[in-house]
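Me: I have a structure open and would like to talk through it with you. Shall we start with the aromatic side chains and work outwards?

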Amino acid sequence: MSIPALRRLPAWASLEQHYRTARNAHLRQLFAEDPKRGDRLAIEAAGIYLDYSKNRITDETLRLLLQLAEEAGLWDRIEAMFRGDSINVSENRAVLHVALRAPRGASIIHDGRNVVPEVHAVLDKMTDFAHRIRSGTWKGHTGKRVRNVINIGIGGSDLGPVMAYDALMHYSDRAIIFRFVSNVDGTDFAEAVRDLDPAETLFIVSSKTFTTLETMTNASSARDWLLAGLNGETAAIARHFVAVSTNASEVAKFGIDTDNMFGFWDWVGGRYSMDSAIGLSTMLAIGPDHFRAMLNGFHEMDEHFRSAPLDRNLPVLMGLFAIWYNNFFGAQTVAVLPYEQYLKRFPAYLQQLTMESNGKHVTANGIIVDYDTGPIYWGEPGTNGQHSFYQLIHQGTRLIPCDFIAFAHSLNPLGRHHDTLLANVFAQTEALAFGKTAEQVKAEGTPDWLVPHRVFAGNHPSNTILLDTLTPATLGKLVALYEHCVFTQGTIWQIDSFDQWGVELGKALAQQIIPQLERATESGLEHDSSTNALIRRYRKLKAPA
């Protein structure tokens, strides 16, 4: 059996040996030995302050992790991505989401041509359309202005736009209602349009191929709903539907004017596409200027990632800490805890970004790995999470590294709310790190029988990410921070972070099963006995009484 090259790196062996002693160090001890640790193990770049002092690391841990990054060829991989090499090896594609936020006039070459002018041509087309929608000069079929925008997509064509709309709602045009439909469950579509006027509703159908099952099922229902509300006039489709796609023939077949099709490229992965034309709903909501500010934030983090030394590089350090906990401590999850209500969908967005990227069982060379990849990312906004799952993080049996995200200024200042919010951020990271000993509990007069229940072991690691204010630019920086953190992890694990073959099998089987559910006869069931029985049971239940 082939041994993954990662196992043969000297730094990996050194980290395995180092872990045997480092695992017993407590953060109480580390801070006691180094009173300036909190100042020393913190960096600021691109407007983001990262306090990583509450990680279970020593200077030796950090030295070995940085050595691992060097030996794994991280610098070469970063340059290969920015250069436009086909680092998505299983699909033979470049990975150039960084080109989506490159400034006008930059040069990023792919297949012998500079792709940046193409990117800005699409941005300019989006800008023109956004101005027409937001000003009311774009009219629907009956002459009414658009007051409702519904984005139809799934995966990266939904999670990014939903997250960005919620995150930047403070900057959005409240005269327009924005809704998002992704689930093929009919309830999702029915509830989205229940109180809307078709004459005032615009649908954005986002699908690269314009064949995605869930998206096109919802798009067909949207077309039926629109035509039912507009006397069946098919000419109305061209005024109430636009497409984000690369398949002009399918777009035209649907009835959408291809002049209202916004394109992107095969070097844009779905989960890396919120700053492409997939973000059209975001631009309609916050306006072109704010959208471009978001792109500038992305780009600022891109440049930091590409140029900062590894030991001062925000995404690199966060990626290496994730490797340390995942592969040496056996931590299976990472909690992302934004103390900002507008970021309530940010953990869900990161779930796709991280787990679809790095949930792989073979290296880019096809060798089965014998180490863990792709931890589970999850989380909820603070302080809500404190009253649900924090109990498990503090006193449970699992090690769960945490990322706390906070902002110095609230977009909605209200009395003492923000000071209370931030006090909870700092208190939680302190409590997780240092806990509470049995001696401290006893000193409070706690009865002996109750002492074990009130002890906090501490030594739970966390990063604290502190920014000034949630703006379009800072959102771009945050997303890019995690994009490049994922890239760093994937490079160390030597996997292809940019394909997603794992989503294909279930989709293919579903296409086989759909006609079997609709067929009245018993023939054609060749699945396992469980699946056959479930199909029969469903057909029996849905049959008329």
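**Rings, a helix and the whole fold**

Reply: Gladly! This is a predicted model. A good place to begin is Arg223, whose charged end sits over the ring of Phe254, 4.2 Å from the ring centre.

Me: Nice start. Which residue lies over the face of Trp138?
Reply: Here, too, an arginine is placed over a ring. At 4.0 Å from the ring centre of Trp138, the residue is Arg239.

Me: How are the rings of Phe305 and Phe487 arranged: stacked, tilted or edge-to-face?
Reply: The structure holds 26 aromatic pairs, and this is one of them. The ring centres of Phe305 and Phe487 are 5.9 Å apart, with the planes at 85°. An angle over 60 degrees counts as edge-to-face, so the Phe305 and Phe487 pair is edge-to-face.

Me: How many residues apart are Phe305 and Phe487 in the chain?
Reply: Phe305 belongs to helix H13 (residues 288–307), while Phe487 is in helix H20 (residues 472–493). The pair therefore links distant parts of the chain, and the separation is 182 residues.

Me: Phe487 also pairs with Phe498; what kind of pair is that?
Reply: Phe498 is in the loop between H20 and helix H21 (504–518), 11 residues from Phe487. Both are buried, with relative accessible areas of 2% for Phe487 and 8% for Phe498. Their ring centres lie 6.2 Å apart and the planes are at 45°, so the pair is tilted.

Me: Is helix H7 largely enclosed or largely open, and which elements does its buried part pack against?
Reply: In helix H7 (residues 156–167), 12 of the 12 residues are buried, so H7 is largely enclosed by the rest of the structure. Those buried residues, among them Leu159, Met163 and Tyr165, have neighbours of both kinds, strands and helices. The elements they pack against are S5, S6, S7, H12, H15 and H20.

Me: How far apart are the end C-alpha atoms of H7?
Reply: At 1.5 Å a residue, the 12 residues should span 16 Å. The model agrees with that expectation: the end C-alpha atoms are separated by 16 Å.

Me: Finally, what is the radius of gyration of the protein?
Reply: The protein's secondary structure comes to 22 helices and 13 strands, and 53% of its 545 residues count as buried. For 545 residues, a compact globule would have a radius of gyration near 24 Å. The protein agrees with this, at 25 Å.

Methods
Residues numbered from 1 in each chain as written. Predicted model: local features only at pLDDT ≥ 70, side-chain atom pairs only at ≥ 80, totals over all residues. Heavy atoms only, no water. Phe/Tyr/Trp six-rings, centres within 6.5 Å; stacked < 30°, edge-to-face > 60°. Helix = DSSP H or I, 4+ residues; strand = E, 2+ residues; numbered from the N terminus. Buried < 20%, exposed > 50% of the residue type's maximum accessible area, 1.4 Å probe, protein only. Lys NZ or Arg CZ within 6 Å of the ring centre and 35° of its normal. Expected span 1.5 Å × (residues − 1). Contact = heavy atoms within 4.5 Å. Rg over C-alpha atoms; globule rule 2.2 N^0.38 Å.
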